[in-house]
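Fresh page in the notebook. I want to walk through this structure and jot down what I look up as I go.

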There are 2 protein chains.
Amino acid sequence: MPDNPQFSTRQRILGAAEELFAERGFAAASLRQVTAAAKVNLAAVNYHFGSKNNLIEEVFRRRLDELSRRRLERLAAIAKSDTTTLESLLDAFITPALELSLDREGGSVFMRVLARAFAEHNSNLRKFLSDNYGYVLKDFAVAFARLLPQLDKEELYWRLDIAVGALTYAMADFGMIKRRSGESERTHREQMAKHLIHFTAAGLRA
Amino acid sequence: MPDNPQFSTRQRILGAAEELFAERGFAAASLRQVTAAAKVNLAAVNYHFGSKNNLIEEVFRRRLDELSRRRLERLAAIAKSDTTTLESLLDAFITPALELSLDREGGSVFMRVLARAFAEHNSNLRKFLSDNYGYVLKDFAVAFARLLPQLDKEELYWRLDIAVGALTYAMADFGMIKRRSGESERTHREQMAKHLIHFTAAGLRA
DNA sequence: CTAGACTTCAAACGATTGTTTGAAACGGAA
DNA sequence: TTCCGTTTCAAACAATCGTTTGAAGTCTAG
């Protein structure tokens, strides 16, 4: 896809950068590798994005704007109901990421890029993510708090922190479980999401 | 510590490399930065370790040899008993890592380096870790299987995979929870281990 | 004291990094 | 067609990368 001439230079660069960032990390993926994969001139990155750092942020923005919107959309749809369960809340958080990872146009690697952002201690990147998308986690935390009134604030935050870790790690496919040969990518990821919700709900409730 | 002249050149390089790998990643931490932090000549790395890749592997070997030994030691101590609980198994896995992270001599950053190894898709590094330390996870998996007979093999692997993810993420301190101002590093990490065991045990049992 | 192995050092190697430049090519409006 | 803003291009910038070299320094065994 990143080298498909029917897409614009901007889009091809974003696609190639996303794949190489997932594969090699932000520092190790060079602009020459990115532009070569995108079949685009080296200078195009600085022309369209200004710098490598801006390109990195734009790779996040392209996916996270819609991902956050869909998550909050689902959250709003269930939060008003008084029959909301922990599982439905976790589903509202996970399913949009699952759909993104099943997107044909390269969404499958973005979750790996996102997980790298946690591994990077890069404070600029963390601040960028927190400033622009931190409110999503905040809104979910409020909804979780309503469903877990027996937990005091500190206890709740510990558990949500651990839950986010499990989700991040699993959605990035860092684990050891490989997709079985007869199994499609879709059913593999759906299985993972199912186990993830079951496991995390139990951990939050315990 | 890494620049303390009472330690050997080898040890100072390993200490400085560990810190910089945790902070910036394997690719972004240059040998010039490492040797400068260790107050050692640039050529000392290639003299003592041969190459940057060998240095990376040696950073892991220095910590993982003893960490694996301690984990299996605790596993052996409880596995024979027939009153073994999920919590005690998780404790056997987590406590040695906790002790390492509280080590005065820089062990606290190693867990971050270890988590980076998961984020890196580097197949050489993953193979090195799997070949040399994979048996530890295998032994623990057998012990978990005995305690969770109601789970079939596939179900068990999914849950262990998710559990390892939660442990890796939390021990690397990737989460958003910051140590409270009045709290020591030790009690903060002990709190984290306690919550981690509680959460994960519930997820495995659910 | 000397011989010889071990360790450290400054300097340089070619390769690669992100970024900048100015000209060439492009494409719709007048 | 002529014009002009937008985009692409090859080439070069200084800086930094991992690695190698050969000499200088250090230390212990004989």
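First, a term: I call a pair of N or O atoms within 3.5 Å a polar contact; within protein, one must be able to donate a hydrogen and the other to accept it, and residues adjacent in sequence count only if both atoms are side-chain atoms. With that in hand, I checked Lys52(A): an N or O atom in its side chain is 2.8 Å from a phosphate oxygen of DNA strand C.

House rules. This is a predicted model, where local features need pLDDT of at least 70 and side-chain atom pairs count only at pLDDT 80 or more, while totals for chains, interfaces and linings use all residues. Residues are numbered from 1 along each chain as its sequence is written, chains are lettered from A and ligands numbered from 1 in the order in which they are written, and side-chain values use heavy atoms, with hydrogens and water left out.

Entry: the DNA. I looked up which residues are near DNA strand C (near means one heavy atom of the residue lies within 4 Å of it). I got 16 residues around the strand, and among the closest are Leu31(A), Arg32(A), Thr9(B) and His48(B). Arg32(A) puts a polar side-chain atom 2.8 Å from a base nitrogen of the strand. From chain B, a polar backbone atom of Asn41(B) is 3.4 Å from a phosphate oxygen. Of the strand's atoms within 4 Å of the protein, I read 47% as sugar or phosphate and the rest as bases.

For elements, I use DSSP runs numbered from the N terminus: helices are H or I with at least four residues, strands E with at least two. α2(A) gives the most to this surface, with 3 residues.

Entry: Thr35(B). I found Thr35(B) in helix α2 (residues 31–37) of chain B. Is Thr35(B) buried or exposed? It is buried, because its relative accessible area is 3% (buried is under 20%, exposed over 50%, partly exposed in between, with a 1.4 Å probe and protein chains only). A polar atom of its side chain lies 2.8 Å from the backbone oxygen of Leu31(B). Leaving out residues up to four places away in sequence, Thr35(B) touches Val40(B), Asn41(B), Leu42(B) and Val45(B), where contact means heavy atoms within 4.5 Å.

Entry: two helices. In chain A, I checked α5 (residues 86–102) against α6 (residues 107–119): their axes come within 5 Å and cross at roughly 125°. Axes are lines fitted to C-alpha atoms, for helices over the stretch in contact, with angles from 0 to 180 degrees between N-to-C directions. I therefore note α5(A) and α6(A) as oblique (under 35 degrees is roughly parallel, over 145 roughly antiparallel, 65 to 115 roughly perpendicular, the rest oblique).
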